[in-house]
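Please look over the structure below. The report covers burial, cysteines, cores and a few loop residues.

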Amino acid sequence: MARAERPLVVVALGGNALLRSKQRGTIQEQLVNAQEMCRSLMALIRRDWALFLTHGNGPQVGNILLRNEAAKEVIPPMPLDVCVADSQGGIGYVLQNALLNELRRAKLHRFVVTMITEALVDRADPAFQNPTKPVGPFWKEDEAKRLQRERGWQMREDSGRGWRRVVPSPRPVKIIQRLMIRELALSGHLVIAVGGGGVPIARSATNEYEGVEAVIDKDLASSLLACEIGADRLIILTEVPAACVNFGRPRQKAIDRMTVGEAERHLAAGEFGNGSMRPKIEAACEFIRAFPAGDCLITDPGHLEAALEGRAGTRLEADRRPERYRELELMFARPKGRAEPRRSARK
């Protein structure tokens with residue numbers, strides 16, 4: 001794949017970018033959260049890089065599944081793959097509108113597009129034999145057993161809080177719309193894609209695509225997209241300013257720079273939490289192993305600009321950097337503010 005003149009950057013937004021803890025999840029709260037997130041993203045947009053935004057959808061899909069149950073006597077419940085697609089459209093709209101408003105305020109002329117994105121998984125993935133990802137509401141034990149009998153769901157008790165449905169979380173093997181996503185971004189458009197890790201699909205017995213009841217890790221899907229489109233940088237925005245060793249303990253220490261080899265040793269030592277930083281570090285390592293000239297930044301939205309300037313966050317890179325690494329450093333160091341100003345003739 002030919003290299004682009006402008007850096008290609010995939011930005012993975014945290015799963016709680018729109019719905020945060022201790023909030024009710026009203027649309028007003030989500031709009032405010034989206035505006036704050038997109039204001040932080042302007043530090044990237046002003047640099048005129050080719051940008052792709054991905055996002056999580058855990059809270060939103062949970063709400064959609066709750067609506068499924070609340071209205072099941074009136075409206076037929078939708079399968080999980082359709083719920084993921086539903087969330088991609090809703091979250092994409094909120095982020096898209098917030099980005100457009102920020103662009104208008106800055107008088108920058110960039111179009112924003114949200115793409116319903118499918119992620120292909122392998123039916124032979126071991127995850128289908130061992131579902132582990134909890135989704136949807138909590139149930140009492142008798143209700144859970146009834147659902148298991150009637151719908152064939154797998155249900156598990158969740159830390160004393162009740163019973164929940166668990167579904168497979170297979171690894172994505174291909175992002176179906178990857179080439180269109182790349183083409184749009186290289187044309188200067190801001191692309192929101194691979195929401196919630198992508199709509200999970202698999203090949204049928206007749207080699208057709210069909211949806212499957214599963215969820216895909218959005219960090220792994222973002223890393224896969226970055227590999228498939230030949231991205232130069234992966235940025236993972238989360239709830240903490242940097243990755244840390246001894247997290248939550250007295251000797252906690254932020255990591256400002258780390259090679260893949262160092263990250264793998266930390267992972268082997270159990271340094272990063274399974275449900276929080278670990279999948280992000282694993283996704284970053286997979287991307288850099290596939291493209292050693294690239295790098296990955298991990299930080300929170302409030303420290304994004306400082307991280308871009310090397311003053312915050314955690315930067316992961318290859319143990320040995322190829323020749324193109326220096327070329328990319330120069331591309332990323334170009335002065336910001338090169339984005340085309342808004343033309344008055346376009347509204």
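A residue counts as buried when its relative accessible area is under 20%, as exposed when that area is over 50%, and as partly exposed in between. The model discussed here is predicted.

**Cysteines**

Cys 83 has a relative accessibility of 1%, so Cys 83 is buried. Cys 227 is in no disulfide. The nearest cysteine sulfur to Cys 227 belongs to Cys 296 and is 11 Å away. A disulfide needs the two sulfur atoms within 2.5 Å. Cys 227 has a relative accessible area of 29%, so Cys 227 is partly exposed. Across the structure, the disulfide count is 0.

**Nonpolar cores**

Cys 296 turns up again inside the protein. It is one of the residues with the most contacts inside the largest nonpolar core, which has 47 residues. Val 10, Ile 181, Phe 272, Ile 281 and Leu 316 are also in that group.

What does Ile 281 contact, leaving aside its neighbours within four places in sequence? Its partners are Ala 243, Met 258, Ala 263, Leu 267, Phe 272, Ile 298 and Leu 316. Another core lies apart from the largest one and has 31 residues. Leu 13, Ala 34, Met 42 and Leu 304 are among them.

**Loop residues**

Three loop residues are set out here with their burial.

| Residue | Loop between | Relative accessible area |
|---|---|---|
| Asp 48 | helix H1 (27-45) and strand S2 (50-55) | 10%, buried |
| Gln 177 | strand S8 (172-175) and helix H5 (178-186) | 17%, buried |
| Val 194 | strand S9 (190-192) and strand S10 (199-203) | 0%, buried |

Backbone angles come next. Asp 48 is not a glycine, yet its phi is positive, at about 60°. Val 194 is not a glycine either, and its phi is positive at about 55°.

Which residues does Gln 177 touch, not counting those up to four places away in sequence? They are Met 115, Ile 116, Thr 117 and Glu 118. Gln 177 and Val 194 are 17 residues apart along the chain. Their C-alpha atoms are separated by 9.1 Å.

Why does Gln 177 count as buried? Its relative accessibility is 17%, and the cut-off for buried is under 20%. Val 194, at 0%, is buried by that cut-off too.

Definitions and conventions:
Residues are numbered from 1 along each chain as its sequence is written. This is a predicted model: local features need pLDDT of at least 70, side-chain atom pairs count only at pLDDT 80 or more; totals for chains, interfaces and linings use all residues. Side-chain values use heavy atoms; hydrogens and water are left out. Buried means under 20% relative accessible area, exposed over 50%, partly exposed in between (1.4 Å probe, protein chains only). A nonpolar core is a set of buried Ala, Val, Leu, Ile, Met, Phe, Trp, Tyr and Cys residues joined through side-chain atoms within 4.5 Å. Contact means heavy atoms within 4.5 Å. Helices (H or I, at least four residues) and strands (E, at least two) are DSSP runs, numbered from the N terminus.
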